[in-house]
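Work through the exercises below with the coordinates open. Each task is followed by a stepwise solution.

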Amino acid sequence: MTRNQPVPFSHEHHVGGLGLDCRYCHTSVEKARFAGLPPTETCMTCHSQLWTNAEMLAPVRASLARNTPIAWQRVNRLPDYVYFDHSIHVAKGVGCTTCHGPIDQMRLTRQAAPLTMQWCIDCHRSPQKALRPRDAVFDPKWSPPQNQEALGRKLMAEYHVRVDHLTDCSICHR
Amino acid sequence: MIERLAIPICAALLLSACDDVSMTQQNRYRTFTRAALFDNGTEAQPLPDGVVAQGDLRRQSRSVQRPQVNAELLKRGRERYDIYCSPCHGLSGSGDGVVVQRGFPAPPSYHGSRLRAASAQHFFDVITNGHGVMFSYAARVDPSDRWGIVAYIRALQESQRANVADTPELRTRLP
């Protein structure tokens with residue numbers, strides 16, 4: 001499912017095509033609960049010079065001129081009673097595309113995972129199926145190697161991931 | 001009479017305040033949500049003038065105190081350079097990054113004589129304040145990472161004039 005965004009921003013162009021790193025725009029994803037959505041100024045680091053007259057980008061220019069943020073519609077949304085934190089997942093080797101799907105091929109962003117409690121818990125019980133080396137966390141092209149089970153177990157030990165408490169209710173409902 | 005009515009009335013008022021008993025949507029602002037209450041329409045509010053945020057003084061002191069250059073700083077600098085600078089300056093610093101290939105004005109190569117001679121402080125200041133058509137990266141790259149990037153750019157500059165004579169063992173491996 002995609003949303004009607006004020007600007008038809010395409011990860012396919014910016015990530016798949018230009019190869020931009022997620023952190024160029026989602027700056028706080030390593031440090032905070034929130035990945036963060038880019039302020040208008042971030043778009044303008046390039047679009048002050050590129051596609052400066054494009055109709056599609058008119059809302060971006062208006063946002064800069066009026067000093068009001070672009071009102072992006074949220075795509076992924078957990079209920080308010082669930083606690084989620086990006087930084088811990090990124091630090092322990094859970095990659096963006098494991099939860100957000102092949103974002104580098106999305107013309108419009110869509111929700112890729114069900115975000116149900118069952119889905120969270122499946123991974124919290126056996127994270128070895130998903131863990132990657134830290135330098136592959138932001139790589140939208142990564143896919144699990146043949147020996148993922150063994151690699152995952154090795155990374156779990158290396159990153160000190162312990163599953164005994166990860167399914168406690170209080171981890172996600174605080 | 002009034003006392004006897006007060007309790008049910010209060011209860012009714014309280015209940016009607018929360019129209020969603022499932023607690024899925026709680027009555028509070030979340031990051032980036034819209035908020036008609038504020039002039040700019042969002043809960044994200046700019047800091048009032050003169051506010052000093054926690055850690056600001058520490059961050060500021062890192063602008064002045066340069067970290068020691070070691071392998072760890074270079075590794076971090078390289079990672080941050082690849083994220084924030086390489087789209088325009090290119091992975092090798094020649095000014096031919098992918099965004100430039102799509103029409104962005106080309107930045108000068110780091111390997112020209114002027115930028116080779118430029119001080120580390122100059123590079124730091126360009127990241128902090130921007131330069132010409134290049135915007136500031138201060139909001140996205142904190143001071144210690146700026147020094148990391150500067151150290152990595154220095155390493156890139158050295159790598160471009162690496163002289164085979166300086167590393168004799170290399171010669172045997174070159175065709």
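The exercises concern helix packing, a nonpolar core and aromatic pairs in this predicted model.

**Exercise 1.** Determine how helix α3 (residues 71-84) of chain B is oriented relative to helix α8 (residues 143-160) of chain B.

Solution.
1. The two axes come within 7 Å and cross at roughly 90°.
2. Angles from 65 to 115 degrees count as roughly perpendicular, so α3(B) is roughly perpendicular to α8(B).
3. Among the contact residues are Leu73(B), Gly77(B) and Tyr81(B) of α3(B), and Trp147(B), Ile149(B) and Tyr152(B) of α8(B).
4. By class, the residues of this contact are 10 nonpolar, three polar and four charged.

**Exercise 2.** Find which helix supplies the largest share of the largest nonpolar core.

Solution.
1. This core holds 27 residues; Tyr24(A), Tyr81(B) and Ile149(B) are among those that touch the most other members.
2. At least two residues each come from α2 (22-25) of chain A and from α3, α5 (98-101), α7 (120-129) and α8 of chain B.
3. The largest share, six residues, belongs to α8(B).
4. Leaving aside residues up to four places away in sequence, Ile149(B) touches Gly77(B), Arg80(B), Tyr81(B), Cys85(B), Ile127(B) and Val141(B).

**Exercise 3.** Classify the aromatic pairs Tyr110(B)–Phe123(B) and Phe124(B)–Trp147(B).

Solution.
1. For Tyr110(B) and Phe123(B), the centres are 6.0 Å apart and the planes 70° apart, an edge-to-face pair.
2. Both of these residues are buried.
3. For Phe124(B) and Trp147(B), the values are 4.3 Å and 25°, a stacked pair.
4. Phe124(B) lies in α7 and Trp147(B) in α8 of chain B, so this pair ties together parts 23 residues apart in sequence.
5. Tyr110(B) and Phe123(B) also belong to one aromatic cluster with Tyr81(B) and Tyr152(B).

Conventions
Residues numbered from 1 in each chain as written. Chains lettered and ligands numbered in written order. Predicted model: local features only at pLDDT ≥ 70, side-chain atom pairs only at ≥ 80, totals over all residues. Heavy atoms only, no water. Axes fitted to C-alpha atoms, helices over the stretch in contact; angles between N-to-C directions. Helix = DSSP H or I, 4+ residues; strand = E, 2+ residues; numbered from the N terminus. Parallel < 35°, antiparallel > 145°, perpendicular 65-115°, else oblique. Contact = heavy atoms within 4.5 Å. Nonpolar A, V, L, I, M, F, W, Y, C, P; charged D, E, K, R; others polar. Core = buried A, V, L, I, M, F, W, Y, C linked by side-chain atoms within 4.5 Å. Buried < 20%, exposed > 50% of the residue type's maximum accessible area, 1.4 Å probe, protein only. Phe/Tyr/Trp six-rings, centres within 6.5 Å; stacked < 30°, edge-to-face > 60°.
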